[in-house]
Amino acid sequence: MNDRAGRRRARRLAIGTAVVLALAGMNGPWLYRFSTEKYHQYTINKPEYKAANGKWEIVDFPEEYRQNTIHAALLRTGKVLLVAGSGNDQDNFDAKRFDTRIWDPLKGTIKKVPTPADLFCTGHTQLANGNLLIAGGTKRYEKLKGDVTKAGGLMIVHNENPDKPITLPAGTRFTGKNNGKTFVSKDPVLVPRAKKVFDKATGKFLRNDPGLGRIYVEAQKRGQKYETGTQDNYRVHGLKGADAKNTYGIAQKLALDKKDFQGIRDAFEFDPVAEKYIKVDPMKEARWYPTLTTLSDGKILSVSGLDDIGQLVPGKNEVFDPKTKKWTYTDKVRQFPTYPALFLMQNGKVFYSGSNAGYGPDDVGREPGVWDVDTNKFSKIPGLSDPTLMETSGTVLLPPAQDEKYMVVGGGGVGESEESSEKTRIVDLKKADPRFEDGPSLDKGTRYPSASVLPDDSVLISGGSEDYRGRGDSNIFEARLYDTEKNELKRVADPLVGRNYHSGSILLPDGRVMFFGSDSLYADAANTKPGEFEQRIEIYTPPYLYGDGDRPSLSGGPQTIERGGTGTFTSSDAAKVKKVRLIRPSAATHVTDVDQRSIALDFEASGSKLTVTVPENRNLVQAGWYMMFVTDADGTPSKAQWVKVP
């Protein structure tokens with residue numbers, strides 16, 4: 001073979017080798033990923049792996065039943081209420097497409113429920129009768145700067161007449177005395193009468209403090225020239241005589257700035273048996289992002305939220321009486337950011353952990369403490385680490401509830417901050433001078449973590465994202481079980497779905513945990529592709545359901561047990577029972593679930609009979625329906641029995 005032929009052959013060999021190497025380079029990672037994924041699936045489905053780490057599975061809803069679930073609550077029927085409202089979708093809002101589903105995790109059935117208002121970003125809590133109270137929602141979606149075409153904002157209407165209130169209808173015009181610009185109200189407003197002020201010592205009349213009404217106004221025409229830059233007094237059109245003299249408006253800057261969401265006053269009870277919404281008396285204040293918390297007397301406290309003009313409700317809190325179905329204001333004013341985490345304590349006071357979902361000044365109502373709602377006294381609790389990173393943190397009452405220990409998990413900076421905290425902080429409210437101490441840390445800074453109390457006294461912490469709304473592809477595909485006795489976090493099986501904003505978790509009656517929602521801003525690491533709402537439901541089966549033995553049995557017994565009373569149930573495993581827990585069903589949204597609590601019950605076993613005793617403290621055991629679980633020495637729980645505490 002001559003040199004030229006040899007060179008051609010060598011060249012062909014080199015080219016062929018290069019092609020093979022190139023193909024190997026292209027297919028190698030795919031082949032590796034394929035084999036790695038197969039091995040991963042093999043590993044996570046091994047019995048010993050599931051017994052140590054649990055397992056995640058996705059529930060495949062038929063397409064016609066999928067929705068952007070924002071809120072979820074476990075009903076006393078064992079079904080789950082999934083509420084979307086407009087689902088953070090402006091098109092749905094404009095078309096008045098408001099969605100609710102009822103899902104039966106046992107039978108796998110799904111049902112659509114007519115939804116009477118936009119219950120997107122509402123508040124909710126379990127009532128003593130087993131209904132779910134739902135209050136607030138969306139009146140208007142936000143408008144970003146650039147999308148706002150008419151200057152507008154807040155008008156404070158003053159009424160200096162001490163003898164009567166005055167109502168201004170929607171469409172009332174206000175003209176500035178100095179700027180000469182006219183703005184029009186979007187809704188009617190009731191302005192209370194002025195209050196007469198007297199000298200306490202002499203009884204001499206001093207002045208009238210005007211009644212104040214708040215209303216959103218817009219310029220009559222589009223354009224930047226209709227903006228105002230400073231405060232002005234405004235004449236109210238359509239009034240005559242004394243009304244014209246006594247009534248006026250005052251507004252600060254009315255501009256083309258971003259306009260926040262606006263709330264509604266509507267309130268409903270959801271009946272889990274009839275499976276429908278029942279309208280009740282509306283709240284005094286419109287609220288978007290409110291928290292509802294049960295008080296010592298069984299009434300429901302409604303706190304915070306954005307009002308019907310997109311402003312943070314100025315500390316005007318109110319209570320719902322389940323007997324009269326009416327709302328009344330509390331005597332005192334106290335302001336919190338939206339969705340504040342508020343929990344009823346065993347002494348009847350309310351604990352505020354500092355966790356919240358966002359809107360509100362960064363220097364008002366953000367420090368944790370104990371709040372006496374009756375006197376309005378607020379006692380701050382020191383020691384909180386990363387105190388400026390509490391927005392979008394989660395708070396959970398650690399089991400058993402009698403210990404009155406709370407854990408605050410993760411959190412982020414105010415607003416759209418990219419900062420997040422990997423801290424867990426624990427406070428023992430039974431101490432004379434409680435203060436926060438750091439618990440075990442997470443691997444990463446975590447916004448929007450979900451935390452669910454389990455029947456074996458562990459807490460499942462999962463999901464979240466490092467950045468605001470998963471920005472930068474920052475979802476955290478990790479889950480951990482917190483051991484309350486050892487104060488340790490243990491990494492378990494990784495979730496299959498990323499969860500950030502608008503996500504949550506619910507403990508089911510069979511001991512599994514469901515996860516819903518997630519609303520990423522972007523779908524890629526470069527933040528160029530808009531995100532899509534995560535409609536898939538995911539179920540986590542904890543390790544305790546993969547043990548070698550059968551789960552304890554539990555049946556029979558009374559459906560109702562009084563506080564301080566007893567109930568006898570049947571269990572062939574009564575002698576093996578180590579714990580009995582009453583767990584209040586969850587109502588979760590925006591990393592806020594103030595309902596869940598796990599209460600330890602004293603018990604006695606005799607043969608196949610198990611007699612349990614419910615604690616007497618009404619603040620510990622709030623009236624309502626509970627899941628009762630028994631667990632054995634291995635921590636394996638029974639399926640729940642539903643019990644009502646009147």
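A residue counts as buried when its relative accessible area is under 20%. The exercises below use this cut-off on a predicted model.

**Exercise 1. Decide whether Trp-56 and Phe-515 are buried or exposed, and describe how their rings meet.**

Solution. Start with accessibility: the relative accessible area of Trp-56 is 5%, so Trp-56 is buried, and Phe-515 is buried as well. Next, turn to the inventory of ring contacts, where the structure holds 24 aromatic pairs. In the pair of Trp-56 and Phe-515, the ring centres are 5.0 Å apart and the planes meet at 50°, so the pair is classed as tilted, given that tilted covers angles that are neither under 30 degrees nor over 60. Finally, place the two residues along the chain: Trp-56 belongs to strand β1 (residues 55–59) and Phe-515 to strand β39 (residues 513–517), so that the pair links parts of the chain that are 459 residues apart.

**Exercise 2. Which geometry does the pair of Trp-56 and Tyr-540 have, and which strands does the pair link?**

Solution. The centres of the rings of Trp-56 and Tyr-540 lie 4.7 Å apart with 40° between the planes, and this aromatic pair too is tilted. The pair links distant parts of the chain, with Trp-56 in strand β1 and Tyr-540 in strand β40 (residues 537–541), 484 residues apart. As for accessibility, Tyr-540 has a value of 0% and therefore counts as buried.

**Exercise 3. Which residues form a cluster through ring pairs, and which charged side chains sit over the rings of Tyr-65 and Tyr-216?**

Solution. Take the cluster to begin with: ring pairs link Phe-93, Phe-120, Tyr-141, Phe-261, Trp-288, Tyr-289, Tyr-339 and Tyr-359. Then consider the charges: Lys-112 lies over the face of Tyr-65 at 5.7 Å from the ring centre, while the charged end of Arg-140 sits over the ring of Tyr-216, 5.1 Å from the centre of that ring.

**Exercise 4. Describe the volume and lining of the largest pocket and of the second largest pocket.**

Solution. The largest pocket has a volume of about 1,000 Å³. Its lining has 41 residues, of which Asn-88, Glu-142, Phe-261, Tyr-468 and Arg-469 are the closest to the centre; Phe-261 is also a member of the ring cluster in Exercise 3. By residue class, this lining divides into 16 nonpolar, 13 polar and 12 charged.

The second largest pocket has a volume of about 780 Å³. Among its 35 lining residues, Asp-456, Tyr-544, Asp-634, Gly-635 and Thr-636 are the closest to the centre. Elements that each supply at least two residues of this lining include α2 (47–53) and β47 (624–632), and the lining divides into 12 nonpolar, seven polar and 16 charged residues.

**Exercise 5. How do β27, β28 and β29 pair, and which residue in the hairpin of β28 and β29 takes a positive phi?**

Solution. Strand β27 (residues 350–352) runs antiparallel to strand β28 (residues 369–372), joined by three bridges, and Val-350 stands opposite Trp-371 in β28. On the next pairing, four bridges join β28 to strand β29 (residues 377–380), again in antiparallel fashion, with Val-370 opposite Ser-379 in β29. Four residues lie between the strands of this hairpin, in which Asn-376 takes a positive phi near 70°.

Methods
Residues are numbered from 1 along each chain as its sequence is written. This is a predicted model: local features need pLDDT of at least 70, side-chain atom pairs count only at pLDDT 80 or more; totals for chains, interfaces and linings use all residues. Side-chain values use heavy atoms; hydrogens and water are left out. Rings of Phe, Tyr and Trp (its six-membered ring) pair if their centres lie within 6.5 Å; planes under 30 degrees apart count as stacked, over 60 as edge-to-face and the rest as tilted. Buried means under 20% relative accessible area, exposed over 50%, partly exposed in between (1.4 Å probe, protein chains only). A charge sits over a ring if NZ of Lys or CZ of Arg is within 6 Å of the ring centre and within 35 degrees of the ring normal. On a 1 Å grid over the protein atoms alone, a cavity is a set of points where a 1.4 Å probe fits but cannot get out, and a pocket is an open set with protein on both sides within 12 Å along at least five of seven lines; lining residues have an atom within 4 Å of a point. Grid points are joined across faces, edges and corners, and a volume is the space filled by probe spheres set on the points. Ala, Val, Leu, Ile, Met, Phe, Trp, Tyr, Cys and Pro count as nonpolar, Asp, Glu, Lys and Arg as charged, and the others, Gly among them, as polar. Two strands pair if DSSP finds at least two bridges between them.
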